[in-house]
Amino acid sequence: YLYWGSPMLSAMWNIVSLLSGSAILAQAFQWFIGIISSLMLYILISNRFSRLSGLVGATIYYLTPKFIAFSSTATYDLAFLAFIFASLHTLLLWEEEKNINWLILSSIFTGFTLATKYHGLYWALSIGILLVYLLGKRWRKNFVNSIKIIISFTMISLVVVSPWYIRNFFVTGDPVWPLGYTLFQSNYWSQFLHDKYSSWNVGPGTSLLHYFSGLWNLTLNQSNWPGGLKQPYVLFQLILLPGLIFFWKHLKINDKRTLISIIIPIIISYMLWFTGYQHERYVMPVMSLLLVPTSIVFSKLLKLHFAKYAAIFMLSLTLTFSICYQFIYTKQFIPVVFGLESRDSFLRKKVPFYDDFKWVNDQLPKNSKILTNYLRTFYFEHDYAIVPSYLNKDIKNMSNAEFISYLNEESVTHLFIVDESYERLIRELKDEKLISHIYANIEAKRITSRTLGHYENAIVNVYRINYL
């Protein structure tokens, strides 16, 4: 699987939950982490500006459609955001209080972002540049000490994430597998896959115009993204961010310094996101941190007689939209929670190929081992192996004998194939009676939208290996 080598600090709780026999415990933990991330954003804002600004920023963040979606799943994005807010907050505390302990804490939280997902590298670079900026006059007064601070910050962060990088290095030869393929020529990857994923881009474009219209596109031009943005961002940041220019001259000097310190990592993170994959999920740190200046603009608007009603109306509109989205998103779970819908009926609408998984679980012997080209295998109750990405092209070019040898090495007893993958191999193996076709579903459902209930038809075939 593509992401097995990624750092998975926050995902470790999911494994503990599964080992305890409670899948719902993993989701509950991530929901709780979402609450923590909201509190961290509130603290980041309220400690430096006002409680009102903190409350508004944290509320908008908590009711963002993407946050709502992540709160209902066992993903690690909300933990990632909590670590980002904590690392920024503690770094600013170091600058404000000159207490070295805050700097150490910031480096530890930065290490946690690195250990949660590879996109922590974006944040590490962003907060590292902020640290260079915050050192300010120290560079002239004590250059050597400034270098020591940067090295210490970097080393502490690397120590936190090092177990993941060391594991990858010993297993694959690449500490940041597969990102370092060109340098390390790492195992379990290939030049074909490197070129394929390096060229991927799901954003509207990479021109200078697209760069400056990024916030607009993320908020209003969902159709510009391939497949559209299923979970749009609210208008709060887009509408209020220009107001920062108007209110800037009225801010206190300390408030300006703090905002500059927050805007610097926002700009760096956005640049790194824009020049990369441009997945809307990966820009969440930027959109979340933009709530700092925009919530301040909102609190300033409330002090202007002619503008406060417009600000209140805009906030009410945003919250109404978010709450309605929350209701629409949540209502899909209500029938099954209250026993009005069976578990199987619910999962059939939410899990791709659920009926096919269920057939496999009910019909195949318990000691079966399944080889599949499908990645989301949570509902398999048998031992299974996913075709590794780096072998996918090689398998298609294997001879029958080579493929049979591969299956034998993996102790595979059955094949679970989605769509017409390995068509030549399958056809020839059937002709030689080395495999038997035991299940076919030409109307299998590949779910494209769980919330809206959209799906597309696919083909699922199950084969039994006869050579064993």
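Here are three exercises on a predicted model, each with a worked solution.

**Exercise 1: the largest cavity**

Find out which residues line the largest cavity, and sort them by class.

*Solution.*
Step 1. Start with the count: the model has four cavities of 30 Å³ or more. The largest cavity holds about 100 Å³ of space.

Step 2. Now pick out the lining in the structure. You should find Phe80, Ile84, His119, Tyr122, Trp123, Ser269, Trp273, Tyr282, Val283, Pro285 and Val286.

Step 3. Match the lining to helices. At least two residues come from each of α5 (77-97), α7 (120-135), α16 (253-274) and α17 (284-289).

Step 4. Sort by class. Tyr counts as nonpolar here and His as polar, and the lining comes out as nine nonpolar, two polar and no charged residues.

**Exercise 2: a cavity and a pocket**

Set the second largest cavity beside the second largest pocket, and work out the classes of residue in each lining.

*Solution.*
Step 1. Take the cavity: its space is about 50 Å³. Around the second largest cavity sit Tyr61, Thr64, Tyr233, Gln237, Met284, Met287, Ser288 and Leu291.

Step 2. Which helix gives the most to this lining? That's α17, with three residues.

Step 3. Sort the cavity lining by class, and you get five nonpolar, three polar and no charged residues.

Step 4. Move on to the pocket, with a volume of about 510 Å³. Its lining has 16 residues, and Glu95, Leu134, Asn254, Arg257 and Ser261 are the ones nearest the centre. Two or more lining residues come from each of α5, α7 and α16, and α16 gives the most, with five.

Step 5. Sort the pocket lining too: four residues are nonpolar, four polar and eight charged. So the pocket lining has charged residues, while the second largest cavity has none in its lining.

**Exercise 3: the sheet and its helices**

Trace the order of the strands in the five-stranded open sheet, then find two helices that touch the sheet.

*Solution.*
Step 1. Read across the sheet: the order is β2-β1-β3-β5-β4, and the pairing is mixed. At the edges are β2 (383-386) and β4 (435-449), each pairing on one side only. From one strand to the next, the twist averages 25 degrees.

Step 2. Zoom in on one pair. β1 (residues 369-372) and β2 run parallel, joined by four bridges. Within this pair, Lys369 is opposite Asp383 in β2.

Step 3. Add the helices. α22 (residues 354-363) lies across β1, β3 (414-418), β4 and β5 (454-465), at about 145 degrees to β4. α25 (residues 423-431) packs on the sheet as well, touching β3, β4 and β5, and makes about 155 degrees with β4.

Technical notes. Residues are numbered from 1 along each chain as its sequence is written. This is a predicted model: local features need pLDDT of at least 70, side-chain atom pairs count only at pLDDT 80 or more; totals for chains, interfaces and linings use all residues. Side-chain values use heavy atoms; hydrogens and water are left out. On a 1 Å grid over the protein atoms alone, a cavity is a set of points where a 1.4 Å probe fits but cannot get out, and a pocket is an open set with protein on both sides within 12 Å along at least five of seven lines; lining residues have an atom within 4 Å of a point. Grid points are joined across faces, edges and corners, and a volume is the space filled by probe spheres set on the points. Two strands pair if DSSP finds at least two bridges between them. Axes are lines fitted to C-alpha atoms, for helices over the stretch in contact, and angles run from 0 to 180 degrees between N-to-C directions. Contact means heavy atoms within 4.5 Å.
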